[in-house]
Amino acid sequence: MRLLLIIGLWLPIWASAQSVFPLSLSDLKDHPATYRPAQDAKGVAIVFLLPDCPSCQSYSKTLNDLYREFQPQGLEMIGVFPGKYASLSEVEVFRSDFRIAFPLFVDKDQGQVRKVGAAVAPEVFLFDRQGHSVYSGRIDDWMVAPGKKRLQIRNHELRDAMKALSEGRKVRVPRTIPIGCIIEQ
């Protein structure tokens with residue numbers, strides 16, 4: 001378990017040394033899709049999601065709010081569903097039920113999961129315009145353990161990181177430990 005935790009903390013640091021883009025994914029019609037941020041984007045947040053994960057469902061409003069807040073400031077957000085554990089129709093139902101405003105993709109072979117070191121959903125990776133990792137981990141500290149939430153959120157790490165990136169400042173907390181549903185590999 002300690003080795004897994006050490007590897008989980010180290011992988012995003014390794015990923016930050018190289019550009020993560022382009023991403024080879026599939027769209028929700030099962031067509032191959034290559035994702036690159038727009039040329040004028042300041043960065044992109046990639047959030048790994050699972051349609052049947054209660055944490056992902058709970059965070060859908062927060063993610064939509066962050067997308068709407070920072071998209072006009074030049075930050076993009078995409079959702080990525082890893083593996084073959086969810087059908088395209090389940091992903092489409094997730095999009096519809098939770099009114100997801102940002103683009104969604106599928107990572108059928110989990111190549112992007114391995115590329116960035118994602119382990120749970122929701123887990124977020126924030127990259128600058130060059131494709132270097134500036135933040136990875138949880139959305140905020142609302143989740144204390146799987147299925148267990150705080151009454152009051154104290155730390156908004158993803159929002160703080162997105163704000164810093166949009167303003168051209170260094171991200172103060174570059175890594176947190178996400179809590180959610182395990183991405184089976």
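**A guided tour of the rings and the disulfide**

Phe48 and Phe125 are both buried. Please select these two residues as the starting point, bearing in mind that the model is predicted.

The structure contains eight aromatic pairs. One of them joins Phe48 and Phe125, whose ring centres are 5.8 Å apart and whose planes stand at 90 degrees, an edge-to-face arrangement. This pair connects distant parts of the chain: Phe48 belongs to strand 3 and Phe125 to strand 7 (residues 123-128), with these positions 77 residues apart in numbering.

Next, select Phe21, Tyr35, Phe105 and Phe127. Ring pairs link these four residues into a cluster.

Now turn to the cysteines. The structure holds one disulfide. Select Cys53 and Cys181, which form this link with their sulfur atoms 2.2 Å apart. Distant parts of the chain are linked here as well: Cys53 lies in the loop between strand 3 (43-48) and helix 2 (54-70), while Cys181 lies in strand 11 (residues 181-182), and the two are 128 residues apart. Viewed about the S-S bond, the link of Cys53 and Cys181 is right-handed, at 90 degrees.

Are Cys53 and Cys181 buried or exposed? Cys53 counts as buried because its relative accessibility is 0%. Cys181 has a relative accessible area of 22% and is therefore partly exposed.

Finally, add Cys56 to the selection. Why is Cys56 not bonded to Cys53? The closest cysteine sulfur to that of Cys56 is in Cys53, but the distance is 3.8 Å, which is too far for a bond, since a disulfide requires sulfur atoms within 2.5 Å. Cys56 is buried, with a relative accessible area of 1%.

Note on methods. Residues are numbered from 1 along each chain as its sequence is written. This is a predicted model: local features need pLDDT of at least 70, side-chain atom pairs count only at pLDDT 80 or more; totals for chains, interfaces and linings use all residues. Side-chain values use heavy atoms; hydrogens and water are left out. Helices (H or I, at least four residues) and strands (E, at least two) are DSSP runs, numbered from the N terminus. Buried means under 20% relative accessible area, exposed over 50%, partly exposed in between (1.4 Å probe, protein chains only). Rings of Phe, Tyr and Trp (its six-membered ring) pair if their centres lie within 6.5 Å; planes under 30 degrees apart count as stacked, over 60 as edge-to-face and the rest as tilted.
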